[in-house]
Amino acid sequence: MSALLIDGKAYAADLRNELTAQVAELAEEGCQPGLATVVAGDAYPAHAYERRVRRLAEQLGLHYVREALPADVPEAEAVATVGKLCSDPRISGILILRPLPPQVSEATLYRALDPLKDIESVHPVNAGLLALDRPRFVPSTPASVFHLLDRYLRESGRDPERVYQGSNMVIVGRSANVGKPAVNLGMARGATVLSCDVHSYRAGLLFEHTAHADIVIIAAGSPGLLRGEHVRDGVIAVDVGINAVPDTETGKIRLVGDLDFRSVAERAEAITPVPGGVGPITDVWLLRNTIAAARLARGVATARPWIEGMRLQPADGLLSAG
Ligand SMILES: Nc1nc(=O)c2c([nH]1)NC[C@@H]1CN(c3ccc(C(=O)N[C@@H](CCC(=O)O)C(=O)O)cc3)C=[N+]21
């Protein structure tokens, strides 16, 4: 079987078009959503992603503010910067880029966020709402995974909910920003979800589990970890890995996923490529959450930033704006 390629770039382009229309709608009401990013230190991944996000925000015509802090920034100063952005009325959403320098605790900085501007749902209140299946914002990477799965299933003529409710979903990787929220999203859709991580691998269980999966979502940060012999024929494989590795022939650095693409594609029904799969949707979804935050701040009833096709109750009915 040679797998169907799920084209994340095309999906991202369609989503971008939707956002263009939403920004135009808000502009008619005199509202310009604003996105602020906080990047501390000089970690390449943080700066590369900030550039992606900034480019898209500017293309969409959002107000954009970038706070760049030095690598030795005291934690209190980073907290004060976030606090300043929280009280800036022009800012609808705030993205704190990872990784942070070691002296700045993610948990401390995330708690400084106004939950209504926390567009990655890293604040405990928003992470809790997501765990309760009532998300205010769905974090962009797991949201992109399920947006892509939803759309692929619908376009292949199936009802996503019925597929999820009858499926074994194996999620490899337990990060707070991808693996764990993805487990919640999978459960909220009725899938039978199994979460694996390095302990599953060390115990020799990982490949036993993936061999029975109908849907595999892998965000392990381990290039080519899952190979064709580790999955069953007909699996739907979603690769969230973004690993920079030297090309074996040219030695040039290239991006690869956590799937051994060629061997898994031989067995899968459908597979996402790296690059060109989940990645390109991520920054678009972040902007989607930013625009949703702007609409929520204006009390626009329809601003229910859940993923279409999910039976998730919107959070804004649950909490006051506090
Ligand atoms: N708070 C926070 N949230 C993040 O989501 C976050 C972060 N910090 N820090 C850095 C990482 C990195 N990250 C990427 C997202 C998409 C691509 C992406 O779209 N990659 C393209 C390829 C890009 C290229 O070719 O250079 C693709 O997969 O097709 C890459 C990297 C999000 N990050």
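Colleague: How far is the sulfur of C31 from the closest cysteine sulfur, and why is there no bond?

Modeller: The sulfur of C31 is 18 Å from the closest cysteine sulfur, which belongs to C86, and that is too far for a bond. A disulfide is taken here as a pair of cysteine sulfur atoms within 2.5 Å, and by this rule the count comes to zero disulfides. Before we go on, this is a predicted model, in which local features need pLDDT of at least 70 and side-chain atom pairs count only at pLDDT 80 or more, whereas totals for chains, interfaces and linings use all residues. Residues are numbered from 1 along each chain as its sequence is written, and side-chain values use heavy atoms, with hydrogens and water left out.

Colleague: Is C31 buried or exposed? And what about C86, buried or exposed?

Modeller: C31 is buried, at a relative accessible area of 13%, and C86 also counts as buried, at 16% relative accessibility. Buried means under 20% relative accessible area, exposed means over 50%, and partly exposed is in between, with a 1.4 Å probe and protein chains only.

Colleague: Changing topic to the ligand, how many residues surround the ligand, and which are the closest?

Modeller: The ligand is surrounded by 14 residues, and the closest are I96, R98, E120, G276 and G279. A residue is counted as near if one of its heavy atoms lies within 4 Å of the molecule.

Colleague: Which polar atoms lie opposite a nitrogen atom of the ligand, and at what distance?

Modeller: A polar side-chain atom of E120 lies 2.8 Å from a nitrogen atom of the ligand. On the oxygen side, a polar backbone atom of G279 is 3.1 Å from an oxygen atom of the ligand, and a polar backbone atom of P280 is 3.4 Å from an oxygen atom of the ligand. A polar contact is a pair of N or O atoms within 3.5 Å; within protein, one must be able to donate a hydrogen and the other to accept it, and residues adjacent in sequence count only if both atoms are side-chain atoms.

Colleague: How much of the ligand does the protein bury?

Modeller: Taken alone, the ligand exposes 670 Å², and the protein buries 76% of that; accessible areas come from the Shrake-Rupley method with a 1.4 Å probe, and for residues only the protein chains shown count as cover.

Colleague: Which elements supply the shell around the ligand?

Modeller: At least two residues of the shell come from each of α2 (44-60), β4 (93-96) and α12 (279-297), and α2 gives the most, with three residues. Helices (H or I, at least four residues) and strands (E, at least two) are DSSP runs, numbered from the N terminus.

Colleague: What about the classes in the shell around the ligand, and where do the domains come in?

Modeller: By class, the shell has nine nonpolar, two polar and three charged residues, where Ala, Val, Leu, Ile, Met, Phe, Trp, Tyr, Cys and Pro count as nonpolar, Asp, Glu, Lys and Arg as charged, and the others, Gly among them, as polar. Domain 1 (23-116) and domain 2 (140-279) each contribute at least three residues to that shell, with bounds that come from an automatic or database domain assignment. The C-alpha centres of the two domains lie 29 Å apart.

Colleague: Now the backbone: which residues does a cis peptide bond join, with omega about 0°?

Modeller: One cis peptide bond joins R98 and P99, with omega about 0°, and P99 has its place in the loop between β4 and α4 (106-111). The peptide bond from V274 to P275 is cis as well, with omega near 0°, and P275 lies in the loop between β11 (270-271) and α12. As background, most peptide bonds are trans, and most residues other than glycine have a negative phi.

Colleague: Which residue has a positive phi of about 50° although it is not a glycine?

Modeller: That is S121, found in the loop between α4 and α5 (124-131) and buried, with a relative accessible area of 6%. D133 is another residue other than glycine with a positive phi, near 60°; D133 lies in the loop between α5 and α6 (140-155) and counts as partly exposed, at 30% relative accessibility.

Colleague: One last thing, how far apart are the C-alpha atoms of L296 and L116?

Modeller: They are separated by 8.2 Å, although L296 and L116 are 180 residues apart along the chain. L296 is found in helix α12 and is buried, with a relative accessible area of 18%.
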